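Here are some exercises to work through with a structure you have not met before. Try each task yourself, then follow the solution step by step.

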Amino acid sequence: MTTEPASRPMYKVMGFGKRFTPGFTLLEVMVSLSIIAIALLAVYGNYSQTIAMNTDQQFNTTAPLLAARVVADFENRSLAELTDESGNFGPEFGGYEWSVVVESIESETLGQIAEDLHSINITVSFNNEEKVFQCKTVRFIRREGGN
């Protein structure tokens with residue numbers, strides 16, 4: 001019985017005198033790396049899309065609530081205090097800014113009543129208007145000395 005030294009690799013004899021060494025060929029390694037790369041690209045694409053959707057959803061939830069806060073502040077003001085303004089929501093809502101434009105409504109059909117109607121346009125923006133939410137409300141505010 002003959003034994004080979006342990007330091008020599010084991011060879012298996014295949015047909016026609018060719019010897020086979022155990023392991024992977026370069027082609028097999030390249031194909032497997034290509035498959036892994038394609039799978040990772042698909043996972044990364046889904047991940048980045050999920051992050052973008054999460055940011056959009058967070059803005060679409062937060063902006064209307066912040067706009068309602070601004071409307072509530074402007075609802076209780078007198079006609080003299082209704083002016084165009086802008087500002088931010090402080091450090092707890094970093095990146096969010098608001099602006100209000102107040103306009104008088106003119107209507108021949110409504111006549112003098114239209115003088116008491118005011119359009120309040122609220123804009124809430126995020127990251128220097130990267131995302132913008134706008135809403136508009138109409139308020140009836142009696143003029144001082146009005147009927």
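**Exercise 1.** Find the bridge partner of phenylalanine 126 in E6, and describe how E5 and E6 pair.

*Solution.* Begin at phenylalanine 126: its bridge partner in E6 is lysine 131. Next, widen the view to the two strands. E5 and E6, the latter covering residues 131–140, pair in the antiparallel sense, with 10 bridges between them. Bear in mind throughout that this is a predicted model.

**Exercise 2.** Look at the loop between E5 and E6 and work out what phi asparagine 127 and asparagine 128 take, and whether each is exposed or partly exposed.

*Solution.* Start with the hairpin of E5 and E6, which has four residues between the strands. Asparagine 127 is in this loop, and its phi is near 50°, a positive value in a residue other than glycine. Asparagine 128 lies in the loop as well, with a positive phi near 55°. Now turn to accessibility. Asparagine 127 has a relative accessible area of 37%, so it is partly exposed. Asparagine 128 has 68% and is therefore exposed, since the cut-off for exposed is over 50%.

**Exercise 3.** Which strand pairs with E4, and over how many bridges? Then decide whether the two faces of E5 are covered or open.

*Solution.* E4 pairs with E5 in the antiparallel sense, over nine bridges. One example is glutamate 103, whose bridge partner in E5 is serine 119. For the faces, recall a general rule: in a regular strand the side chains alternate between the two faces of the sheet. On one side of E5 sit Leu117, Ser119, Asn121, Thr123 and Ser125, and on the other His118, Ile120, Ile122, Val124 and Phe126; all are buried. Because 10 of the 10 residues of E5 are buried, the strand is largely enclosed by the rest of the structure.

**Exercise 4.** Identify the elements that give two or more residues to the largest nonpolar core, and list what valine 70 touches.

*Solution.* The largest nonpolar core holds 18 residues, and those with the most contacts inside it are Val70, Phe74, Phe89, Tyr96, Val100, Ile122 and Val124. Two or more residues come from each of helix H1 (26–75), strand E4 (96–104) and strand E5 (117–126). H1 gives the most, with seven residues. Zoom in on valine 70: leaving aside neighbours within four places in sequence, it is in contact with Phe89, Trp98, Val100 and Ile122.

**Exercise 5.** Now go to the surface: which residues make the nonpolar patch of about 770 Å², and is valine 29 buried or partly exposed?

*Solution.* The patch is made by Phe24, Leu26, Val29, Met30, Leu33, Ile36 and Leu40. Valine 29 lies in helix H1. Its relative accessibility is 34%, so valine 29 counts as partly exposed.

**Exercise 6.** How far apart are serine 78 and isoleucine 141 in sequence and in space?

*Solution.* Locate serine 78 in the loop between H1 and strand E3 (85–88). In sequence, serine 78 and isoleucine 141 are 63 residues apart, while their C-alpha atoms are 7.4 Å apart in space. Serine 78 counts as partly exposed because its relative accessibility is 29%.

**Exercise 7.** Step back and describe the whole protein: how many helices and strands are there, and in what pattern?

*Solution.* There are one helix and six strands. Along the sequence they follow the pattern β-β-α-β-β-β-β. Of the 147 residues, 20% count as buried.

Definitions and conventions. Residues are numbered from 1 along each chain as its sequence is written. This is a predicted model: local features need pLDDT of at least 70, side-chain atom pairs count only at pLDDT 80 or more; totals for chains, interfaces and linings use all residues. Side-chain values use heavy atoms; hydrogens and water are left out. A nonpolar core is a set of buried Ala, Val, Leu, Ile, Met, Phe, Trp, Tyr and Cys residues joined through side-chain atoms within 4.5 Å. Buried means under 20% relative accessible area, exposed over 50%, partly exposed in between (1.4 Å probe, protein chains only). Contact means heavy atoms within 4.5 Å. Two strands pair if DSSP finds at least two bridges between them. Patches are made of residues with over 30% relative accessible area and no salt bridge: like charges are joined within 9 Å, nonpolar side chains (Val, Leu, Ile, Met, Phe, Trp, Tyr) within 5 Å. Accessible areas come from the Shrake-Rupley method with a 1.4 Å probe; for residues, only the protein chains shown count as cover. A salt bridge is a side-chain nitrogen of Lys or Arg within 4 Å of a carboxyl oxygen of Asp or Glu.
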